[in-house]
Structures are given as C-alpha cells and as structure tokens.
Amino acid sequence: MVVTVRSLGLQGIAGYEVSVECALSGGLPAFDVVGLPDAAVKESRERVRAAVRACGCKFPVSRITVNLAPAALRKEGTVYDLPILLGLLAAQGDVDPPAPGAAFLGELSLTGALRPVTGTLPMAMAAARLGVKELYVPAENAAEATLAQGLTVYPVAHAADLVAHLRGEKPLAPAPAWAPAEGAEPGPDFSEVMGQENVKRALEIAAAGGHNILLIGSPGAGKSMLARRLPSILPDMTRREALEATEVWSVAGMTDPKHPLLSRRPFRSPHHTVSAVALAGGGAMPRPGEISLAHNGVLFLDELPEFSRDALEALRQPIEDGEVTITRAAGSVHLPSRFMLVCAMNPCRCGWRGHPSGRCTCTDAAVEKYVSRISGPLLDRMDLHVEVPSVDFDALRRRQSPEPSSAVKARVDAARARQTERYAGTEVDCNARMAPAMVGEYCRLDDAGERLLRSAFDRMGLTARSHDRILRVARTIADLEGAADIAPEHLAEAVQYRNTSILK
C-alpha cells in the first residue's frame with residue numbers, strides 16, 4: 001500500500017510542496033529514503049523508528065520505501081520526520097490516511113516528542129497558497145505558522161498526540177492566531193546623544209528617504225552610537241514588510257517562539273572579519289547572509305576600510321537591485337536584500353586626522369592609501385557623506401535634553417507619507433528607490449537649481465549615478481519641509497553631503 005502525505009520544503013526562503021510517499025512491500029526488511037535527501041533526511045529513519053515505538057505502535061517489518069517528490073529538488077533538514085512517521089502508520093493501518101487538505105512538518109526526538117524546525121513561516125505561507133487547510137507543526141512553531149493567514153494550525157507536542165487526534169480519541173485544539181503585545185520595548189534614543197546636530201540632521205534625511213549614509217570621524221565622536229539609534233526614527237514596518245523580514249529570519253532560525261513576528265526594523269552589524277559569503281549569503285545549500293537579514297532594515301558596517309575587498313564589492317549589486325542572486329550547480333535562488341546601508345570609518349589609519357588634539361601622525365600618502373581600500377563604485381553608491389566632528393566639552397555638559405527620537409520620527413513619518421502618496425500604484429516606497437525615469441519626473445529644478453547642479457557637477461566631477469542620488473536626496477529634503485518642488489536651498493544641502501574633504 002502506498003500512502004501520500006503532504007509536507008513542505010524550502011528553496012532559499014521560498015516554500016514549496018513536498019509529497020512524502022510511503023510504500024510497504026514484501027521482501028527483506030529495509031528502510032530506504034529516496035528523492036535527493038541529504039544526510040539529515042536519511043538519518044530520519046532512526047528517529048522515526050524509535051518514535052513509532054514511543055507512540056505504542058509496532059514498527060512495520062517489511063521493505064519500506066519513502067519517496068520525497070519532486071525528486072529533482074534536493075531535500076534537507078529534519079522537517080520530514082513527522083510526515084514519514086505518519087505515512088508509515090497509515091500504510092500499515094494504524095491510522096487513516098490524512099485528508100488531502102492537511103500538511104505536516106516537524107522533527108522527531110527518539111521519545112516521539114516534536115522539536116521545532118526552521119523556516120516555518122515561509123513554508124506555512126506556501127501551504128496557504130497551495131490550498132492547504134490544516135497544518136500540523138511542532139508546538140513551538142505554532143505561533144509563527146499562524147502568521148500565514150488562511151490556515152488552521154495544530155500544535156503537536158508529541159507524535160502520540162497526533163495519532164490520538166487522527167484516530168478521533170483526543171482532538172488537538174487549533175493554535176490561536178498570534179497577536180503582538182501592547183507596547184514595544186524602548187530602544188536606543190537620540191535623546192541620549194549630546195551635540196552632533198549636523199549628523200542627526202543627516203540621519204533624519206537618510207531615514208526619511210531610505211538613503212545610504214557614510215559617517216567619517218575620529219574615534220569617540222559618536223559614529224556607532226548615532227548609527228545604532230537610526231532604527232528609532234525609521235517608519236514602522238507595514239505587515240507585508242514585517243512578514244518579508246520575518247521569513248528571512250525564520251529560515252536562519254533566528255525568530256523568537258514567543259514573539260515570532262519582527263516588530264522593529266532589523267539592525268545588523270557584522271564584524272569586519274565577515275566573509276563575502278557570510279555577508280551576501282551562500283553555501284552548498286544557499287542560506288541568507290547579513291544583507292538579507294537586514295532586509296527592510298539597516299545594515300551597519302563599522303570600520304568600513306577594515307572589511308575585505310571581496311566582502312565590500314559583494315554589496316554593489318544588491319544595493320542597486322534590492323535582491324541578491326546566488327547560483328550553485330543545483331540552481332539559483334533569489335534572496336531579498338532591500339536595506340539602508342550605514343557605514344562608519346575613521347579619517348585615517350590612526351583615526352585622529354583633523355582632531356583638535358593634533359595627535360595624527362599619518363602622511364597624506366598614508367591617508368590616501370587608507371581611503372583607497374574602499375572602491376570608488378561603492379563610495380558612489382553612498383547618498384550622504386557626513387563628517388562627524390569631535391564633541392566639545394560644552395555640548396557634553398549642557399543641561400538641556402536633546403530632541404528625542406519620537407519627535408524626529410514624526411517628521412520622518414510625515415515625509416514618508418508624502419512619498420507613499422506620490423508613488424502610489426508603483427513598487428517604489430521611498431525616494432532612494434526612484435527609477436531614473438521617475439527622477440526626471442519628480443525632481444525637476446528651476447533655473448537657479450539647474451545652474452547650481454551644473455556647477456557642482458563640473459566642479460566635483462560627479463558621475464551620472466551621483467547626479468541622480470543628489471536629486472533624490474534633495475527631493476527628500478523638500479519632503480521634510482513639506483515643499484512641492486525642489487528649491488535651490490534643498491539642492492545646496494544635498495550637494496554639501498557629497499563634499500567630504502577626506503574623500504577628495
């Protein structure tokens with residue numbers, strides 16, 4: 001007898017249906033799993049064998065063949081333990097074959113208890129698209145699975161509970177739809193940063209338009225402190241954005257069972273020793289890297305020149321396209337990577353060039369060599385270059401409290417609302433992602449603005465990319481002021497954010 005149990009698998013961060021076909025036949029006892037299984041899937045034979053006995057059932061003494069279809073796609077992980085066990089029990093008549101509208105996934109322990117698996121959310125969303133009505137998952141994954149609407153999710157703590165449910169002896173209760181608790185935990189706030197008003201202004205512009213930003217300053221000036229407070233002024237994620245980001249984190253096994261949906265925009269800060277594969281994603285079976293984990297959030301690269309050249313160059317294509325394509329012999333996967341890139345660096349190797357103390361000993365040639373570690377194409381993709389000066393004593397000791405993040409966020413939200421209205425009906429959601437044709441339509445200049453931009457283009461040797469990025473930043477500055485058109489003062493402020501002396 002052949003019994004087919006519906007399950008799900010992952011390719012990149014996309015879920016797809018897997019049919020687990022279990023057949024019992026005569027011959028010498030054997031247990032074979034086919035359909036391009038990896039080592040973890042093959043080892044499910046021993047876990048299933050022990051779990052069947054833990055359920056109080058008899059393990060079939062016959063030739064067992066399990067096929068995971070489609071056989072052309074490689075299967076990996078422990079997600080198929082539960083459907084294999086169910087298929088064997090149904091094949092020998094211990095339970096009725098499952099209904100066509102039910103799907104199962106989960107890892108078994110030797111005692112029959114179910115352990116959580118990674119990637120539950122994208123698999124649950126794929127199940128909903130495929131018409132699955134009932135999804136049986138490990139109890140710890142149930143809250144995450146309920147985020148995929150249109151499914152009845154059953155939490156399974158032990159395989160014996162599932163057997164009793166299918167026999168009608170003790171029905172399982174569906175998991176309630178997960179909802180976030182009221183009030184989020186407060187994060188780092190701009191009110192904790194003394195001084196640096198010019199840098200806060202630049203970060204406000206970056207947040208309002210989704211622009212990339214480079215901070216340049218001496219050690220202790222507050223570059224990292226300011227960057228880590230950027231998420232506090234970013235607009236709240238929509239449900240679609242939250243689900244997209246959570247899918248990536250789910251595949252990486254980083255979601256919290258108690259709070260499965262990301263409520264704050266991701267902030268990723270990899271160490272400068274990170275490899276190109278760890279940053280962009282990859283591996284024999286491609287997995288998300290740091291740029292995908294920062295999807296819809298912030299990727300912060302501190303000490304930018306210390307990153308390897310390969311790692312930095314891997315950022316160029318994802319910055320432009322909003323996704324990274326990883327190709328292996330088995331095929332290609334597309335991972336989302338739409339993020340704000342925030343970078344910080346010292347002005348020289350010792351870090352003290354331009355500091356009032358005058359302690360820098362670097363020569364001009366040494367500074368040029370240090371800065372040259374960052375390629376021109378990558379620097380050209382940074383919308384704002386901002387010098388972060390050292391904070392003076394009076395600014396540190398002032399009694400007046402700085403402006404809180406909530407006040408800045410209100411202005412950012414208002415600017416984003418104008419952009420949402422402007423780009424309604426398109427895939428663009430902020431100024432930084434305007435297509436070139438949209439730049440020409442929404443970033444028109446008057447005669448004074450044209451003269452100013454021409455002068456800056458000739459004097460600074462701007463590229464076509466930096467020309468468009470200046471216009472996008474100017475559009476954001478105008479949005480922050482509620483202006484319908486870009487005025488010369490908006491353009492002048494945008495130009496000065498690309499006039500950093502250390503990068504000349």
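A residue is called buried when its relative accessible area is under 20%. Keep that cut-off in mind, as it comes back throughout this tour of a predicted model. Leu162 makes a good starting point: with a relative accessible area of 1%, Leu162 is buried. Leu162 sits in helix H6, which covers residues 159-166. Looking past its neighbours within four places in sequence, you'll find Leu162 in contact with Leu82, Phe104, Tyr136 and Val156. Take Tyr136 from that group: Tyr136 and Leu162 are 26 residues apart along the sequence, but their C-alpha atoms are 8.6 Å apart in space.

Now step back and take in the whole chain. There are 504 residues, and 53% of them count as buried. The chain has 21 helices and 16 strands. Its C-alpha atoms fill a box of roughly 85 × 45 × 45 Å along the principal axes. Among contacts with a separation of 6 or more, 74% come from residues 24 or more positions apart.

One of the contacts of Leu162 was Leu82, and Leu82 is a buried residue of helix H3. How many of the residues of H3 are buried? The count is 11 of the 11 residues, 81-91, so H3 is largely enclosed by the rest of the structure. Charged or not, they are on that list: Asp81 is buried in H3, and so are Leu85, Gly87 and Ala91, among others. Just after H3 comes Gly93, with a positive phi of about 90°.

Ahead of H3 there's another spot to look at. Pro70 is in the loop between strand S4 (63-69) and H3, and the peptide bond that leads from Ala69 to Pro70 is cis, with omega near 10°. What makes that worth a look is a general pattern: most peptide bonds are trans, and most residues other than glycine have a negative phi.

Two residues go against the phi part of that pattern. Gln196 isn't a glycine, yet its phi is positive, near 55°. You'll find Gln196 in the loop between H6 and H7, and at 7% relative accessibility it counts as buried. Glu303 is not a glycine either, and its phi is positive at about 55°. Glu303 belongs to the loop between strand S12 (298-301) and helix H12 (309-313). Is Glu303 buried or partly exposed? Its relative accessibility is 27%, so Glu303 counts as partly exposed.

From the loop with Gln196, carry on into H7, which spans residues 197-209 and packs against helix H20, residues 464-480. The two helices cross at an angle of about 100°, with axes 9 Å apart, which means H7 is roughly perpendicular to H20. On the H7 side, Arg201, Glu204, Ile205, Ala208 and Gly209 do the meeting, and on the H20 side it's Val473, Thr476, Ile477 and Leu480. Sorted by class, that contact has five nonpolar, two polar and two charged residues.

H20 itself has 17 residues, 14 of them buried, so H20 is largely enclosed by the rest of the structure. Its length checks out too: at 1.5 Å a residue H20 should span 24 Å, and its end C-alpha atoms are 25 Å apart, which agrees. Following H20 is Gly482, with a positive phi near 75°.

Next, a couple of buried residues with distant partners in sequence. Lys409 lies in helix H17 (residues 405-422) and is buried, with a relative accessible area of 17%. Setting aside neighbours within four places in sequence, Lys409 is in contact with Ser232, Ile233, Leu234, Pro235 and Asp236. Lys409 and Pro235 are 174 residues apart in sequence, while the C-alpha distance between them is 7.0 Å. Asn141 is in the loop between strand S8 (134-138) and helix H5 (142-145), and its relative accessible area of 4% makes it buried. With the same kind of neighbours left aside, Asn141 is in contact with Pro116, Val117 and Thr120.

Last stop: the cysteines. How many disulfides does a search of the whole structure find? Zero. For Cys22, the closest cysteine sulfur is in Cys57, and at 14 Å that's too far for a bond. Cys430 is in no disulfide either, as the sulfur of Cys443, its nearest, is 12 Å away. Cys22 counts as buried at 0% relative accessibility, and Cys430 is also buried, at 0%.

How values were computed: Residues are numbered from 1 along each chain as its sequence is written. This is a predicted model: local features need pLDDT of at least 70, side-chain atom pairs count only at pLDDT 80 or more; totals for chains, interfaces and linings use all residues. Side-chain values use heavy atoms; hydrogens and water are left out. Axes are lines fitted to C-alpha atoms, for helices over the stretch in contact, and angles run from 0 to 180 degrees between N-to-C directions. Helices (H or I, at least four residues) and strands (E, at least two) are DSSP runs, numbered from the N terminus. Angles under 35 degrees count as roughly parallel, over 145 as roughly antiparallel, 65 to 115 as roughly perpendicular and the rest as oblique. Contact means heavy atoms within 4.5 Å. Ala, Val, Leu, Ile, Met, Phe, Trp, Tyr, Cys and Pro count as nonpolar, Asp, Glu, Lys and Arg as charged, and the others, Gly among them, as polar. The expected span of a helix is 1.5 Å times one less than its number of residues. Buried means under 20% relative accessible area, exposed over 50%, partly exposed in between (1.4 Å probe, protein chains only). A disulfide is a pair of cysteine sulfur atoms within 2.5 Å.
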